[in-house]
Protein chains: 2
Amino acid sequence: MNKRTAFFISDGTGITAEALGKSLLAQFERIQFEFVTKPYIDTVQKAQALLLVINETAQRDGSRPLIIDTVVDQKIRDVLHSSEAFKIDVFSTFLSPLEQELSSQSSYTVGRTHAIPKDASYKSRIDSVHFALDNDDGARTHQYDKADVILVGVSRCGKTPTCLYMALQFGIRAANYPFTEEDMFDFNLPKALKPYKHKLFGLTIDPQRLAAIRHERRPGTRYSSLTQCEREVHEVEELYRRHAISFVDSTHYSIEEISTRILAECGIERRFSPK
Amino acid sequence: MNKRTAFFISDGTGITAEALGKSLLAQFERIQFEFVTKPYIDTVQKAQALLLVINETAQRDGSRPLIIDTVVDQKIRDVLHSSEAFKIDVFSTFLSPLEQELSSQSSYTVGRTHAIPKDASYKSRIDSVHFALDNDDGARTHQYDKADVILVGVSRCGKTPTCLYMALQFGIRAANYPFTEEDMFDFNLPKALKPYKHKLFGLTIDPQRLAAIRHERRPGTRYSSLTQCEREVHEVEELYRRHAISFVDSTHYSIEEISTRILAECGIERRFSPK
C-alpha cells in the first residue's frame, strides 16, 4: 500500500488545519497516511526549517507529501509553497471569494484565528470545567438546579470524560450521577434526580466492553464480572425506557459524537465554542 | 455594521466545519457574524428543514447567509446548495484535486470522518483523562514517573483545565502540582518534583486576574488579596527562572494555545488526536 505523509501546518495551534486535513483524507481509505502537525510556524525561519523536513520526507517516501495549511502570513506561505509538496491552500482558496461576497478586505493578521478574548463565554468555559469536577460521580447533588444537563449511567460507562468535554468545548455545565444497584432495584429514579428529570441524559455501553474497562480497575471482582455488568446494563436501559430518558450507547461513539448528540437532542445552546 | 449569519453544517459533529468556518471568518473584523452550527444533517429530510431556516434567515438579515459545510452525501448537499446562501464547499473544492494527486477515488461515506475506532489511541485518551483527575492539584505524587508533563503554578492559574484538555485532545498524561508559599519560601523545588524536573512546565498569570478569580472562590480572604497574589506570582516566576523551567502566561492565552505550546516546547508526541 502506497504511503503518503500529510503535514498540517499553522501559525497557531494547528487544530483547524488538523481537523480539516483529517476530514478530507479520511475519504481515502486505500491510502496509508502519516500525519504530522506543525503548529506555531509563525516566522520565515521556522518555515525554512520545516521546508527542509518536507523535502526530506518527499525523498524518504518516494512520493510528494501533502500540505494542508492555515498559515495567514504571505511570506511564510511563500516559503512553504516553494516545497515539493502538494498543497491544499485553505485560506487563499476561500478568502478571495469571501472578500468579494462580503465586499470587505480580510485582515491577514497572524494568530488572529487563535486570539481568544477572555470574555464572558471564555469564563463560562472555565467555570463549567470546575462545575463538572465538583459535580462528578454524584459527589454533590445540591447544584443540579444550575446544571444544563445531568449525565446518568452505570459506573465506568464514560460519563466523566463526556462531561469534561462538554465543559471544555462548549461551556456546558454538565453533572453526572452513577446508578448503583440500590438506585435501580425498583426502577425508580433516585430522590436527588426526581426534580430534574428533564435534565437527565443516559449513557449505556456494551456489557463485554464495560467488564473489560472495570477489570483494569478492579480485576477479578464482582464489580468487573460479566454477569454483573450485563445485569446493570440491562437494568439501566430498562430504567431509561420506563422514565422516557433519552440515551446513547458509548461503545461505538466518540466523546465528540456523544457530546454533540446530547446538545442536539436536548436543544442546549453552546455558551462557548473554540474560535 | 452589516450583519451576516454563517451556518456551519455537517453530517457529523460539525466540529471541523465550525473550526474552519471560524478561522476563515475571523479574518473579517469589520463584519458582524452570527454563527449557527448544525450537526448531524444526515438525511435529505433534515436538509430540507434546514433549507427553510437558511432562506428565512436570508429574509431576516436582508443579506444572504454563508454556508460552510463538510457534508459528504451528494443528495444532502444538493438540497443545501439549492438555498440562497453563499457556499464554501470544502469537500467538492478539495476532494477532486486530491483524487487526482492520490490517483484514488474518495469514498463519499456519510459519517466516515466521524467514525472514531476505539483503538489503542482512543483508550489512551480516556486513560489520560483519569490520570489527570487522579493527579490533579498535587493530590498524588507517586505516579509522576508515568506523567508526560507536570504542570506547576500557583493556585487557580489554570493548571487543571489545561491538563484535562491535553488529555482529551491529545491523549497526554498531564499531572499538576500547585505551589504553596511553603514550597516557595526558599525557592527550592518541592521534594516530590525534584526527580522530575525535566517534566515540569510552569504557568503564570497576571496578579490582578488571579485575585479576581480567587475572589469568586473565597471573597475577602488573604488568599484572594491582590498583595498575596502579587507576592505568589513574583515568587513562582523567580522559581521558574532559578530552575530554568519553561513557563507561559495563561492571562492572554487560551487553553488550546497553552496546551499546544507545551507539546511543541517539550517535544511531546500526541498519542491521540481527534479524527
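**Close-up 1. The start of helix H3 of chain A in the predicted model.** A side-chain oxygen of Asp73(A) meets the backbone at the start of H3(A). The oxygen comes to within 3.2 Å of the backbone nitrogen of Lys75(A).

**Close-up 2. The buried residues of H3(A).** Helix H3 of chain A spans residues 74–81. Its buried residues are Ile76(A), Arg77(A), Val79(A) and Leu80(A). They lie on the same side of H3(A), because the arc they cover around the axis is only 160 degrees. An α-helix has 3.6 residues a turn, so residues three or four places apart point the same way. Several elements of chain A help to cover the buried residues of H3(A). Among them are two helices, H2 (44–61) and H4 (90–102). Strands S1 (3–9), S3 (66–69) and S4 (86–89) of chain A also take part in the cover.

**Close-up 3. Gln143(A) in its loop.** This residue sits in chain A between helix H5 (120–134) and strand S5 (149–154). Gln143(A) has a relative accessible area of 16%. That value is under 20%, so Gln143(A) counts as buried. Leaving aside residues up to four places away in sequence, Gln143(A) touches Phe131(A), Asp134(A) and Asn135(A).

**Close-up 4. An open sheet in chain B.** Four strands form the sheet, in the order S6-S5-S7-S8. Their pairing is parallel. Strand S6 (174–179) and strand S8 (247–249) of chain B are the edge strands, and each pairs on one side only. From one strand to the next, the twist averages 25 degrees.

**Close-up 5. Strands S5 and S7 of chain B, with helix H10.** S5(B) covers residues 149–154 and S7(B) covers residues 200–204. The two strands run parallel and are joined by three bridges. Ile150(B) has Leu200(B) in S7(B) as its bridge partner. Helix H10 (residues 255–266) of chain B packs on the sheet. H10 touches S5, S7 and S8 of chain B. The direction of H10 makes about 145 degrees with that of S7(B).

**Close-up 6. How chains A and B are related.** A turn of 180 degrees, with a shift of 0.0 Å along the axis, lays chain B on chain A. The RMSD of this fit is 0.0 Å. This is the relation of a two-fold axis. Of the interface residues of chain B, 100% are also interface residues in chain A. The copies therefore meet through the same surface.

Note on methods: Residues are numbered from 1 along each chain as its sequence is written. Chains are lettered from A and ligands numbered from 1 in the order in which they are written. This is a predicted model: local features need pLDDT of at least 70, side-chain atom pairs count only at pLDDT 80 or more; totals for chains, interfaces and linings use all residues. Side-chain values use heavy atoms; hydrogens and water are left out. Buried means under 20% relative accessible area, exposed over 50%, partly exposed in between (1.4 Å probe, protein chains only). The arc is that of the directions from the helix axis to the C-beta atoms. Contact means heavy atoms within 4.5 Å. A polar contact is a pair of N or O atoms within 3.5 Å; within protein, one must be able to donate a hydrogen and the other to accept it, and residues adjacent in sequence count only if both atoms are side-chain atoms. Copies are superposed by least squares on the C-alpha atoms of residues with pLDDT of at least 70 in both. Two strands pair if DSSP finds at least two bridges between them. Axes are lines fitted to C-alpha atoms, for helices over the stretch in contact, and angles run from 0 to 180 degrees between N-to-C directions.
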